[in-house]
Amino acid sequence: MLGHKTTNYFQNEVLRKRPYLQVEWCIKAKIDFVKKEIQSDGRIKYWSYVKEAQKYLRTVYLPDNETIHNAFFDRNFKGEEL
């Protein structure tokens, strides 16, 4: 995965179910996000806008903030700012 850490769930389930996702988008989400939220379990959610898809992507990282666990286009997110 481009030298980036991912969970088995991300590799085996997320990318299989959502073949349109690009790992680069998930990596970029951590840098160029419009919203960030830390869950009670320590996982970190980032919302970022993907111009190519014209949608907001929610990417979930593990508490180490290096390992991608989940990603999907969030239909309910309307582009809230920080």
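Here is a walk through this structure, from one helix to the core and then to the aromatic rings.

A quick word first: this is a predicted model, where local features need pLDDT of at least 70, side-chain atom pairs count only at pLDDT 80 or more, and totals for chains, interfaces and linings use all residues. Residues are numbered from 1 along each chain as its sequence is written, and side-chain values use heavy atoms, with hydrogens and water left out.

Let's start at helix α1, residues 8–17 (helices, H or I of at least four residues, and strands, E of at least two, are DSSP runs numbered from the N terminus). Here F10, V14 and L15 are buried (buried means under 20% relative accessible area, exposed over 50%, partly exposed in between, with a 1.4 Å probe and protein chains only). Looking down the axis of α1, you'd find its buried residues within an arc of 90 degrees, so they line one face of the helix (the arc is that of the directions from the helix axis to the C-beta atoms). N8 and R16, on the other side of α1, are exposed. What does the buried face pack against? The buried residues of α1 pack against α2 (23–29) and β4 (68–73).

Now for the largest nonpolar core, which has 16 residues (such a core is a set of buried Ala, Val, Leu, Ile, Met, Phe, Trp, Tyr and Cys residues joined through side-chain atoms within 4.5 Å). F10, L21 and L57 have the most contacts inside it. At least two residues of this core come from each of α1, α2, β2 (44–50), β3 (55–61) and β4, and α2 gives the most, with four. Take L21: leaving aside neighbours within four places in sequence, L21 is in contact (heavy atoms within 4.5 Å) with V14, L15, L57, A71 and F73.

On to the rings. Rings of Phe, Tyr and Trp (its six-membered ring) pair if their centres lie within 6.5 Å; planes under 30 degrees apart count as stacked, over 60 as edge-to-face and the rest as tilted. By this rule there are seven aromatic pairs. W25 and F73 make a tilted one, 6.0 Å centre to centre with 55 degrees between the planes. W25 lies in helix α2 and F73 in strand β4, so this pair ties together parts 48 residues apart in sequence. Both W25 and F73 are buried. W47 and F77, in turn, are stacked, at 5.4 Å centre to centre and 20 degrees between the planes.
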